[in-house]
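Reader: I've got a two-chain model open on my screen and could use a guided walk through it. Mind if I fire questions at you?

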Amino acid sequence: MTVAVVERWVETPLRHFVQDAQVTLALLLTPSGQVLGQHGFNRAMDVMAACALAAAIHASSAELGKLLEGKPFAGLHHAGATRQIFLAPAETRRGTLLCLTVFDDATSIGIVQLYFGELRDRLAAGAPSARTTPPAVLADSFEQDLNRNLTLLFRR
Amino acid sequence: MSLVNYATREITCKIVYYGPGRSGKTTNLHYIYGQVPSDRKGRMVSLATQTDRTLFFDFLPLDLGTISGFTTKMQLYTVPGQVYYQTTRKLVLQGADGVVFVADSQARQLEENIESLQDLHANLGEHGIDARLVPLVLQYNKQNLPPELILDVPAMDEALNFRGVPAFAADALRGPGVFETLRGISELVLRRLSGAGAAAVPPAAPASGSAAGGGAPPTRAPAPTARASSGRR
């Protein structure tokens with residue numbers, strides 16, 4: 001079972017969730033669609049697309065909830081014939097994170113929701129208290145690299 | 001906000017193409033998608049209406065390669081331009097690191113351009129972002145149309161470019177200006193990373209995978225679902 005993470009503090013909670021809930025795919029992301037951790041994908045580009053769509057689903061369903069009753073939905077469950085999706089937010093000191101998970105008949109929505117509760121608690125407990133202010137990220141020569149890569153990208 | 005992972009030396013940035021309806025935002029992404037080698041791009045996702053108007057957004061992930069030792073990825077989004085998709089535009093704009101404002105150079109579209117630019121400023125404000133500080137470039141699209149139908153670059157600058165940001169004449173359908181626009185916004189966004197403003201992952205926190213997406217086992221694609229239900233808070 002492989003869990004890949006961008007931020008290490010999400011690794012253990014995500015690993016526990018995947019193992020306990022027996023889900024086939026799991027994504028942790030920010031509401032703007034940036035991935036923090038994942039299980040089950042094998043292409044980074046697919047992860048990005050899935051994150052963009054998950055953030056969009058969350059944003060639109062939250063707005064719909066506000067429109068209907070003045071408050072966002074707490075989660076969204078989408079049930080298909082063989083696979084199901086569960087998407088829900090988790091509040092942490094690092095802000096709101098979203099968890100998108102896909103599962104089949106090896107588990108159930110009840111189990112997934114149960115262990116999502118534990119995931120949410122673990123994330124809340126393990127989140128760093130503040131963002132680390134980054135040092136200068138890029139060298140002065142970054143424009144040379146950028147120009148070279150853009151030229152390669154567009155084959156010009 | 002840019003995501004910088006020092007452990008795996010990766011940068012991920014979100015760039016939003018904004019502008020009035022039919023100005024050429026989706027066309028920009030289609031052109032980029034068509035030009036970029038397949039190993040440097042992901043699948044282009046378009047949530048569109050039956051008439052190919054953008055309903056929610058278009059999304060195109062790009063791998064810019066290594067810059068200053070960081071693997072750099074750009075996530076390109078468009079917003080729906082039609083006035084009644086105001087809420088959607090605001091949602092897509094969330095977390096943007098840079099904005100490309102695609103203006104329609106046709107003289108009769110001037111009012112729509114101005115309204116859309118005002119809409120952009122308002123939506124940035126609602127996200128708590130100072131519109132004067134966010135990396136922004138302008139693209140004056142459709143400059144290939146007959147001169148009697150369009151405003152030239154100085155006239156477009158006069159009408160829209162009060163911040164004096166980089167501006168590019170373009171013909172997004174055929175390509176001129178598309179590449180230059182992407183280069184322009186990429187430079188602004190990456191230059192900003194030299195200062196504060198990125199969500200950083202400390203160097204002392206090695207990640208378990210090379211990046212999200214690396215090394216994980218293959219999986220099946222999610223299938224369309226038959227029914228939906230939602231829990232309430």
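Reader: Leaving aside its neighbours within four places in sequence, which residues is A:Phe17 in contact with?

Author: Keep in mind that this is a predicted model. Once the neighbours within four places are set aside, part of the list sits not far along the chain numbering, namely A:Gln22, A:Val23 and A:Ala26. The remaining partners of A:Phe17 are A:Cys99, A:Thr101, A:Val112, A:Tyr115, A:Phe116 and A:Leu119.

Reader: Which residues touch the most other members in the largest nonpolar core?

Author: As a rule, in soluble globular proteins nonpolar side chains tend to be buried together. Here the largest nonpolar core has 40 residues. Those touching the most other members are A:Phe17, A:Val23, A:Leu27, A:Leu28, A:Leu29, A:Phe116 and A:Leu123.

Reader: And which element gives the most to this core?

Author: Several elements of chain A each supply at least two residues, including helix H1 (11-21), helix H2 (44-69) and helix H3 (109-126). Strands do so too, among them strand S2 (25-29), strand S3 (35-39) and strand S5 (84-92). The top contributor, with six residues, is S6(A).

Reader: How many residues are in the other core?

Author: This one lies apart from the largest core. Its members include A:Leu138 from chain A, and B:Met44, B:Ile67 and B:Phe179 from chain B. The count for this core is 36 residues.

Reader: Back to A:Gln22, then: is it buried, partly exposed or exposed?

Author: A:Gln22 is found in the loop between H1 and S2 of chain A. Its phi is positive, about 60°, although it is not a glycine. Buried would need under 20% relative accessible area and exposed over 50%. A:Gln22 has 47%, so the label is partly exposed.

Reader: Chain B has a residue 22 as well. Is B:Arg22 buried or exposed?

Author: B:Arg22 lies in the loop between strand S2 (10-18) and helix H1 (25-35) of chain B. B:Arg22 isn't a glycine either, yet its phi is positive at about 65°. The cut-off for exposed is over 50%. With a relative accessible area of 55%, B:Arg22 therefore counts as exposed.

Reader: In what order do the elements of chain A run from the N terminus on?

Author: Chain A has four helices and six strands to place. Its C-alpha trace spans about 55 × 40 × 35 Å along the principal axes. Read from the N terminus on, the order is β-α-β-β-α-β-β-β-α-α.

Reader: How far apart are the mean positions of the positive and negative charges of chain A?

Author: Start with the surface: chain A exposes about 6,500 Å², and carbon and sulfur atoms supply 52% of it. The chain carries 14 positive and 14 negative charges. Take the mean position of each set, and the separation is 3 Å.

Reader: Over to chain B. What share of its contacts with a separation of 6 or more comes from residues 24 or more positions apart?

Author: Chain B has five helices and 10 strands. Of its 233 residues, 55% count as buried. For contacts with a separation of 6 or more, the share from residues 24 or more positions apart is 70%.

Reader: Which side chain does B:Gln139 join in a polar contact?

Author: B:Gln139 is in strand S7 (residues 136-141) of chain B, and its 0% relative accessibility means it counts as buried. Beyond residues up to four places away, it touches B:Val100, B:Phe101, B:Phe168 and B:Thr181, among others. The polar contact, at 2.8 Å, is with the side chain of B:Asn28.

Reader: How far apart in space are B:Phe70 and B:Cys13?

Author: B:Phe70 is in strand S5 (residues 70-78) of chain B. At 1% relative accessibility, B:Phe70 is buried. B:Phe70 and B:Cys13 are 57 residues apart in sequence, and their C-alpha to C-alpha distance is 12 Å.

Reader: Last one: what distance separates the C-alpha atoms of B:Glu148 and B:Thr181?

Author: B:Glu148 is found in the loop between S7 and helix H4 (153-160) of chain B. Its 65% relative accessibility makes B:Glu148 exposed. Along the chain B:Glu148 and B:Thr181 are 33 residues apart, and their C-alpha atoms are separated by 25 Å.

Definitions and conventions
Residues numbered from 1 in each chain as written. Chains lettered and ligands numbered in written order. Predicted model: local features only at pLDDT ≥ 70, side-chain atom pairs only at ≥ 80, totals over all residues. Heavy atoms only, no water. Areas by Shrake-Rupley, 256 points an atom, 1.4 Å probe, with all protein chains shown as cover. Lys, Arg positive; Asp, Glu negative; His and termini not counted. Charge placed at Lys NZ, Arg CZ, Asp CG, Glu CD. Buried < 20%, exposed > 50% of the residue type's maximum accessible area, 1.4 Å probe, protein only. Polar contact = N/O pair within 3.5 Å; in protein donor to acceptor, adjacent residues only side chain to side chain. Contact = heavy atoms within 4.5 Å. Core = buried A, V, L, I, M, F, W, Y, C linked by side-chain atoms within 4.5 Å.
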